[in-house]
Amino acid sequence: MKKFFSQFYLLLFCNYFFLFLLQTNLFAQSSSNELNLFSPQSRLQFGNSLFNDKDYLRASNEYREYLKYADNDTIRFRFATCFYKIGRFQEAADNFKGLFNNSNLSEESRLGYNQSFFFKYDFQSFRNSVKNEIYFPAKYSSEVNRLFYISFLLDNSVLPDTSAFFPAFPDSNKNEIRQFYFRKKFPEYKNPTTAAILSGLLPGLGKIYVGETTDGLTSLLVTGALAFLAVDNFKHNHNFRGWLFTGLGAFFYAGNVYGSAAAAQNFNAGVKFNFDKDVKLYFEKRNYFLPEIKF
Amino acid sequence: MTKFLFTTFFLLIVCKNYYAQTDWVRWDAEVIPYKIGDTTDRFKANENRNSGAGIISFLRNTYGFFISDLDGDNCPFYPSCSNFFVQSVAEVGLIKGSLMFSDRFIRDMNLFKSKNHYPIHKSGKYFDPPINYTLVQEKIYYSSPGKVSD
């Protein structure tokens, strides 16, 4: 009886074991039922997934393959958006341009086209395209106008008149915009020539004018001390040392005159850098007043 | 025996699930750095650009061998004053380069210089490249004071 039961259990185990093996084979991945991952539809799904994950470079590759088989305005718009997002603005502009006519996203693509030139910092092309009616999105006219005026804050062009500039922006932001406008129009630059002349009159004065007070005082002390040493040595008939200190004094005096002009230029570079940084931070925080397009 | 068989059977089922393919775990989007970093020292001028730079370079090497290497790396600036002199002369010639060096030497003598005036190089020194003193506005590489610059 005991033997019978042990044989029974062994048989049962063998059955389960074979069943288990069969089951794994039944549920295993089979190539016959496999989804074709390279079909246009799969590429589109994968591209959309990558786009939502903000992996725009790889999404653009999937969309490119999909668009070889099917034409879809939304996907073409997404394709252009991918380039825009990864900073390939020229390709983005080219692809947006293809959607200008006979498309539901015509206005949005005109906006994208203008944005691409703006963020490429190719402000001349941007302004030309804004002035061109074919490229101007009527639906987003106020947004593009704002970009148009912002572009003047970001390059060296002559600023437009205040009567045209300020109305383009919302009332709530007018104070900040006004400050940026006047900082750009009347930058607090220091004149390198004035700095050099001041240092010529009194060593170090040009540096003090530029704001480098301690550098200015140091150069005044150094050139003053060398001048004193030169005079003192000439008085005591130490001509060699007198000429040596005269030469050194002249060397540092000339260097200070030169350095004051260079310091003024560096100061001006700092003013420009800080202005650009403040403008970019301000508008980036507000997404350049651009709408979020749902598509 | 029975327990052993059931345990084995249970383990086999569990093992199958452990090693199963899990397609529903999404791939994470890889953060791809699209820009290739600048690997060259863009501030360093070719020291053999002109004969003046060759002479000053020889003097700098002599000074380095006999004095600086023994005295230690004491200059608070990057590039050091001696290298600044060589690079200035290589960039703009002997006369203008000497004026740039003279200005730098006075700034080095300033006891109150601080990170409020200069950006910080990754070596921890004040970053002060000669390119900022050539009087060519377009060449100036501005970096905020106190900020670590490469």
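# Briefing: contacts and salt bridges in a two-chain model

B:Asp108 forms a salt bridge with B:Lys113, and their closest N and O atoms lie 3.7 Å apart. This pair belongs to a predicted model. A search of the whole structure finds 18 salt bridges over all chains. The briefing starts with the contact between the chains, then turns to the domains of chain A, one chosen residue, and a few charged pairs.

**Where chain B meets chain A**

- On the chain B side, 37 residues are in contact with 36 residues of chain A.
- Chain B and chain A bury about 3,500 Å² between them. Carbon and sulfur atoms give 65% of that area.
- Three residues stand out on chain B: B:Ile106, B:Leu135 and B:Tyr142. They supply 17% of the area that chain B buries against chain A, more than any other three residues.
- Across this interface there are 8 residue pairs in polar contact, counting pairs with both residues at pLDDT 80 or more.
- Which helices of chain B give two or more residues to the side that touches chain A? They are helix H1 (2-18) and helix H4 (94-109).
- H4(B) gives the largest share of that side, with 11 residues.
- The residues on the side of chain B that touches chain A divide into 21 nonpolar, 10 polar and 6 charged.

**The salt bridge across the interface**

- How many salt bridges does the rule find across the interface of chain B and chain A? It finds 1.
- B:Asp103 pairs with A:Lys207 in a salt bridge, with the closest N and O atoms 2.9 Å apart.
- Side chains of opposite charge can pair when their charged atoms come close.
- B:Asp103 and A:Lys207 also belong to a network of salt bridges. The other residues linked in this network are B:Arg104, B:Arg107 and B:Asp128.

**Two domains in chain A**

- The domain assignment splits chain A into domain 1 (71-186) and domain 2 (192-281).
- The centres of domain 1 and domain 2 of chain A, taken over C-alpha atoms, are 47 Å apart.
- Each domain puts residues into the contact: 7 from domain 1 of chain A and 7 from domain 2 of chain A.
- The area buried between domain 1 and domain 2 of chain A is about 660 Å². Carbon and sulfur atoms give 67% of it.
- On the domain 1 side, A:Leu154, A:Phe180 and A:Arg183 lose the most area to domain 2 of chain A. Together they account for 62% of what that side buries.
- Between the two domains of chain A the count is 1 salt bridge. A:Arg183 forms a salt bridge with A:Asp278, with the closest N and O atoms 3.1 Å apart.
- The count of residue pairs in polar contact between these domains is 1, with both residues at pLDDT 80 or more.
- Helix H8 (141-154) and helix H10 (174-185) of chain A each give two or more residues to the side of domain 1 that touches domain 2.
- H10(A) gives the most to that side, with 3 residues.
- The residues on that side of domain 1 of chain A divide into 4 nonpolar, 1 polar and 2 charged.

**A closer look at A:Asn268**

- A:Asn268 sits in helix H14 (residues 239-285) of chain A.
- Is A:Asn268 buried or exposed? Its relative accessibility is 7%, so A:Asn268 counts as buried. The cut-off for buried is under 20%.
- Leaving aside residues up to four places away in sequence, A:Asn268 touches A:Tyr189, A:Lys190, A:Pro192 and B:Gln137.

**Charged pairs within a chain**

- The side chains of A:Arg88 and A:Glu91 meet in a salt bridge at 2.9 Å, N to O. A:Arg88 is partly exposed, with a relative accessible area of 34%. A:Glu91 is partly exposed as well, with a relative accessible area of 31%.
- A:Lys174 forms a salt bridge with A:Asp171, and the closest N and O atoms are 2.6 Å apart. A:Lys174 is buried, because its relative accessible area is 17%. A:Asp171 counts as exposed, at 66% relative accessibility.
- Back to the opening pair. B:Lys113, the partner of B:Asp108, counts as buried because its relative accessibility is 16%.

Methods:
Residues numbered from 1 in each chain as written. Chains lettered and ligands numbered in written order. Predicted model: local features only at pLDDT ≥ 70, side-chain atom pairs only at ≥ 80, totals over all residues. Heavy atoms only, no water. Contact = heavy atoms within 4.5 Å. Buried area = accessible area lost by both parts, 1.4 Å probe. Salt bridge = Lys/Arg side-chain N within 4 Å of Asp/Glu carboxyl O. Polar contact = N/O pair within 3.5 Å; in protein donor to acceptor, adjacent residues only side chain to side chain. Helix = DSSP H or I, 4+ residues; strand = E, 2+ residues; numbered from the N terminus. Nonpolar A, V, L, I, M, F, W, Y, C, P; charged D, E, K, R; others polar. Domains from an automatic or database assignment. Buried < 20%, exposed > 50% of the residue type's maximum accessible area, 1.4 Å probe, protein only.
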